[in-house]
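Me: I'd like a close look at a single part of this one, taken slowly. Here's what I have in front of me.

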Amino acid sequence: GPGPMPMFTSCCSAWVNMAEKVYPELLPHLSTARSPQQMLGSMVKNYFARKLGRRPDEICFVSCVPCTAKKQECKRPQLKTDGIPDVDICLTVREVGDWLKEKGISPDAVSESEYDNPLGTHSGAGQLFGVSGGVMEAALRTAYETYTKKKLPKLTFHEIRGLEGLRTSTVMMGSLELHVAVVAGGAAVRRLVDDILSNRAHYHFIEVMFCPGGCLGGGGMPRSENPHVLEDRAAQIYGLEERNTIRKSHENPQIRALYED
């Protein structure tokens, strides 16, 4: 059934940490969905393991992420299955880069290869998760078509894109008027949450990313002196998403197969 409103995203582990420590009254408002890291870890250790004929403890799951808070997340006791962690090792992008440099391996010299299947097919909506507003945009694409039973008239929600600390929009889903907000950066998050708790702001659904710009500005990303590095990274993500032939999460054939299996 419907949960308490407004609903907040739960994919940013730094935001979940803040909610637990500073805003415990909001915990019932967080989505029950795990972060992408933990979703995939659970799927690999259980669903994928069964497909391979392996036990979960025979698989070592290593994630490469832009986020330092993910290191603590994978150690949470709630994110174990029968005492076995869903994610064994969490490395940041910068750590992987340092390791490649130490080994004398240039990413440019490594040929591309296909991801393993099942679980190797990704959608453009999934790629958007790396930039602030991307989780909201991906969710709206699926929510609109699930709720209205109609094709989305436009794929891109320009009004929630950008690197400002707070962006808001009203999205019409048939006759339903949905008020949404996208917030990124610790100070902006606290201002918005305080406004919501004080009844100065009213939304149905809020995407929260603790790092400025979203995951592309995460603490585990390579450091740069380029003042426009976040804009450049966002442009790369949007470009990859636009070139993807599958742009809605619910149209990913492997996700559909998972639900049917």
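Which residues of α7 are buried? And please walk me through what surrounds that helix.

Reply: Bear in mind that this is a predicted model. In α7, the buried residues are Gly186, Ala188, Val189, Leu192, Val193 and Ile196. Looking down the helix axis, you'd find them within an arc of 160°, so they line one face of α7. Round on the other side, Ala187 and Arg191 are exposed. The helix itself runs over 12 residues, and its first and last C-alpha atoms are 16 Å apart, close to the 16 Å expected at 1.5 Å a residue. Just past the end of α7 comes Asn199, with a positive phi of about 65°.

Now for what the buried face meets. Its residues pack against β1 (7-8), α1, β6, β7 and β8. Two of those strands also frame the helix in the chain: β7, α7 and β8 together make a right-handed β-α-β unit. β7 and β8 run parallel, joined by five bridges, and one pairing to look for is Ala184 with its bridge partner Met209 in β8.

On to β6, another of the strands that α7 packs against. β6 (residues 166-173) runs antiparallel to β7, with eight bridges between them; Ser169, for instance, sits opposite Val180 of β7. The two strands form a hairpin with just two residues between them, and Gly174 in that turn has a positive phi of about 65°.

The helix also feeds into the largest nonpolar core, a set of 26 residues in which Phe8, Trp15 and Ile206 have the most contacts. α7 (186-197) supplies at least two of the core's residues, and so does each of α1 (13-22), β7 (176-184) and β8 (205-209). A separate core of 12 residues lies apart from that one, with Ile160, Leu178, Val180 and Phe205 among its members.

Trp15 is a good place to finish, since you can trace its contacts straight back to the helix. Setting aside neighbours within four places in sequence, Trp15 touches Val189 and Val193, and its other contacts are Phe8, Thr9, Tyr23, Leu26, Leu30, Val208 and Phe210. Val189 and Val193 are both on the list of buried α7 residues we began with.

Conventions:
Residues are numbered from 1 along each chain as its sequence is written. This is a predicted model: local features need pLDDT of at least 70, side-chain atom pairs count only at pLDDT 80 or more; totals for chains, interfaces and linings use all residues. Side-chain values use heavy atoms; hydrogens and water are left out. A nonpolar core is a set of buried Ala, Val, Leu, Ile, Met, Phe, Trp, Tyr and Cys residues joined through side-chain atoms within 4.5 Å. Buried means under 20% relative accessible area, exposed over 50%, partly exposed in between (1.4 Å probe, protein chains only). Helices (H or I, at least four residues) and strands (E, at least two) are DSSP runs, numbered from the N terminus. Contact means heavy atoms within 4.5 Å. Two strands pair if DSSP finds at least two bridges between them. A crossover is right-handed if, with the strands pointing away from the viewer, the path from the first strand over the helix to the second runs clockwise. The expected span of a helix is 1.5 Å times one less than its number of residues. The arc is that of the directions from the helix axis to the C-beta atoms.
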